[in-house]
Amino acid sequence: MRAWALALTLGSLPLVQASAGVLDVRVLPASLHPGDVAVVVVEGAPNARELSGTLGGQPLRFFPRGDERAALVGVDLEAKPGTTVWRIGVIDDGGTSRELSGRVVTGPRRFPVERLQLPTPMVDLDPEVARRVESEAAQLQAALATISPERLWRGPFTPPVPGQGHGFGSRRVINGQPRAPHSGLDFAAVRGTPVVASNRGRVSLTGEFFFAGRFVVLDHGLGLYTLYYHLDRVDAAEGAMVERGDVIGAVGATGRATGPHLHWAARLGSARVDPSTLLSVSLGD
Ligand SMILES: [Zn+2]
């Protein structure tokens, strides 16, 4: 009943509690909002031969969490309010299969509108730059679409630089034109400030992109990624394993940046999630 205790200490009750025999499924937090990382907890299936599920059509990738099994689900920052169905299927060691389903509600979240003025060539891209940006976006998507089957993170996540990030999800109007919402958290920091891995993972991609500047993408396994942009320097090699707290680069202002800062973002499956939620969610260990 550890997760119940967790829910109570968070001051909210699980919205969903379904039972089939001794099988319990809970979704935490109780109600979801755009940018959230939710945890689906399955209790009573410690010896399951097979445990699978989906939430809103996204596959659930389970990992052991004490006596329970848990899976993370991301709610994209542009998710519309509404009801989402989850389904869990268990085949126990005796070969008996059980299925459960339920629903969770995603509520609205208001994001501020941020108006920015940037040099015209950074906004109205000439065709050659537009092609470069498109190819870089495709490289990033290909990296993020790779799902490592094992959980690589261990213990809690840590902020990559000291301080408080801001601006996740803000609806951006750049030089008077509505643009894609801001999918990360910006941390103000002086150039050269060490940037550390927010958790254990594998360096999935590094490089220098038009918008991101010098960057590092870390794969934490099971579809969870963190991204670090506008670096002055990259101190991580593609394919290498890093531990939480390892220096992977230094703060800079490369790419489309108005000054030195770290843009820290997180992806879970295809969802752009608020990386600050990783700092508070109970992920096991
Ligand atoms: Zn940013």
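Strands β10 and β11 run parallel and are joined by four bridges. The model is predicted, and the points below cover this sheet, the zinc site and the largest pocket. The zinc ion is held by His182, Asp186 and His263, and His263 is also among the residues closest to the centre of the largest pocket.

**Sheet**
- β10, β11 and β12 form, in that order, an open three-stranded sheet with mixed pairing.
- β10 and β12 are the edge strands, each of them pairing on one side only.
- Glu114 stands opposite Arg172, a residue of β11.

**Zinc site**
- Coordination of the zinc ion is through NE2 of His182, OD of Asp186 and ND1 of His263, at 2.1 Å.
- Along the chain, the donors of the zinc ion show the spacing H-x3-D-x76-H.
- Because His182 lies in the loop between β12 (177-178) and β13 (184-188), while His263 belongs to strand β20 (residues 261-268), the pair ties together parts that are 81 residues apart in sequence.
- His182 and His263 are both buried.

**Largest pocket**
- The volume of the largest pocket is about 1000 Å³.
- Its lining comprises 38 residues, of which Ser183, Phe211, Tyr229, Arg256 and His263 are the closest to the centre.
- At least two lining residues come from each of β10 (113-116), α2 (127-144), β11 (171-174), β13, β17 (224-234) and β20.
- α2 supplies the largest share of the lining, with five residues.
- Classified by type, the lining of the largest pocket holds 21 nonpolar, nine polar and eight charged residues.

Note on methods. Residues are numbered from 1 along each chain as its sequence is written. This is a predicted model: local features need pLDDT of at least 70, side-chain atom pairs count only at pLDDT 80 or more; totals for chains, interfaces and linings use all residues. Side-chain values use heavy atoms; hydrogens and water are left out. Donors are N, O and S atoms within 2.8 Å of the metal (3.2 Å for Na, K and Ca); water is not among the atoms, so sites may look incomplete. Buried means under 20% relative accessible area, exposed over 50%, partly exposed in between (1.4 Å probe, protein chains only). On a 1 Å grid over the protein atoms alone, a cavity is a set of points where a 1.4 Å probe fits but cannot get out, and a pocket is an open set with protein on both sides within 12 Å along at least five of seven lines; lining residues have an atom within 4 Å of a point. Grid points are joined across faces, edges and corners, and a volume is the space filled by probe spheres set on the points. Ala, Val, Leu, Ile, Met, Phe, Trp, Tyr, Cys and Pro count as nonpolar, Asp, Glu, Lys and Arg as charged, and the others, Gly among them, as polar. Two strands pair if DSSP finds at least two bridges between them.
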